[in-house]
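This report describes the strand pairings, side-chain contacts and burial in one protein chain. The sequence and structure are shown first.

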Amino acid sequence: MSESASGVPGMSVASAFAGMRSVTPVVFRAGCPDCRGRFELTASALRLAIGASSRTTFYSFTCPDCGASVRKPAGERIVELLTGGGVSTLRLHSTL
């Protein structure tokens, strides 16, 4: 038996992905404090910064309506939702 590109003997790439369906991208609802716009953003439009305290943990994005840079605090639940949804995360403190 020969090994395929997937590394599994006898399995082709096509058969490995045969049952998969496309996944709907995760979107997050957000609002702008400047223009009061309400909209949905994909994970790639958001950034999450995790600091040493709740005061230094926040998420940010650019308002698609007015272009303002928005920064909002992120509690534990928000951090969990954003990281689970694939938002890029920057750790501002050492884990040591």
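In this predicted model, Arg-29 stands opposite Glu-40 in β2. The two strands concerned, β1 and β2, run antiparallel and are joined by five bridges. Arg-29 and Glu-40 also form a salt bridge, with 3.9 Å between the closest N and O atoms. Since Glu-40 belongs to strand β2 (residues 38–42) and Arg-29 to strand β1 (residues 27–31), the pair ties together parts that are eleven residues apart in sequence. The cut-off for a salt bridge is 4 Å, and the Arg-29 to Glu-40 distance is 3.9 Å. Arg-29 is exposed, its relative accessible area being 74%, whereas Glu-40 counts as partly exposed at 49%.

The hairpin of β1 and β2 has six residues between the strands, and Arg-36 in this hairpin takes a positive phi near 65 degrees. The loop between β1 and β2 also contains Gly-37. Gly-37 is buried, with a relative accessible area of 11%. Leaving aside neighbours within four places in sequence, Gly-37 is in contact with Ala-30, Gly-31, Cys-32 and Asp-65. The C-alpha atom of Gly-37 is separated by 8.6 Å from that of Pro-64, a residue 27 places away along the chain.

In a regular strand, side chains alternate between the two faces of the sheet. In β2, Phe-39 and Leu-41 make up the covered face, while Arg-38, Glu-40 and Thr-42 make up the uncovered one.

Which residues do the ring pairs link into a cluster? They are Phe-39, Tyr-59 and Phe-61. A pair of aromatic rings is described by the distance of the centres and the angle of the planes. The structure holds two such aromatic pairs, listed here.

| Aromatic pair | Centre to centre | Angle between planes | Geometry |
|---|---|---|---|
| Phe-39 and Phe-61 | 5.9 Å | 75 degrees | edge-to-face |
| Tyr-59 and Phe-61 | 6.3 Å | 20 degrees | stacked |

The pair of Phe-39 and Phe-61 links distant parts of the chain: Phe-39 is in strand β2 and Phe-61 in strand β4, 22 residues apart. Phe-39 is buried, with a relative accessible area of 11%. Phe-61 is buried too, with 4%, and Tyr-59 counts as buried at 14%.

Strand β4 (residues 58–62) is joined to β5 by five bridges, and the two strands run antiparallel. Thr-62 stands opposite Ser-69 in β5. There is also a cation–ring contact: the charged end of Arg-71 sits over the ring of Phe-58, 3.6 Å from the ring centre.

Strands of a sheet pair through backbone hydrogen bonds, either parallel or antiparallel. Here four strands form an open sheet with mixed pairing, in the order β5-β4-β3-β6. At its edges lie β5 (69–73) and β6 (88–91), each of which pairs on one side only. On average, neighbouring strands of this sheet are turned by 25 degrees against each other, direction ignored.

Helix α2 (residues 76–84) lies across β3 (47–50), β4 and β6. How is α2 oriented relative to β3? The helix runs at about 130 degrees to β3. Within α2, Arg-77 forms a salt bridge with Glu-80, and the closest N and O atoms are 2.8 Å apart. Because Arg-77 and Glu-80 are three residues apart in this helix, about one helical turn separates them. A search of the whole structure finds two salt bridges, one of them that of Arg-29 and Glu-40 and another that of Arg-77 and Glu-80.

For the chain as a whole, there are two helices and six strands. From the N terminus on, the elements run α-β-β-β-β-β-α-β. The chain has 96 residues, of which 26% count as buried. Of the contacts between residues at least 6 apart in sequence, 43% join residues at least 24 apart.

Technical notes:
Residues numbered from 1 in each chain as written. Predicted model: local features only at pLDDT ≥ 70, side-chain atom pairs only at ≥ 80, totals over all residues. Heavy atoms only, no water. Pairing = 2+ DSSP bridges. Axes fitted to C-alpha atoms, helices over the stretch in contact; angles between N-to-C directions. Contact = heavy atoms within 4.5 Å. Salt bridge = Lys/Arg side-chain N within 4 Å of Asp/Glu carboxyl O. Buried < 20%, exposed > 50% of the residue type's maximum accessible area, 1.4 Å probe, protein only. Phe/Tyr/Trp six-rings, centres within 6.5 Å; stacked < 30°, edge-to-face > 60°. Lys NZ or Arg CZ within 6 Å of the ring centre and 35° of its normal.
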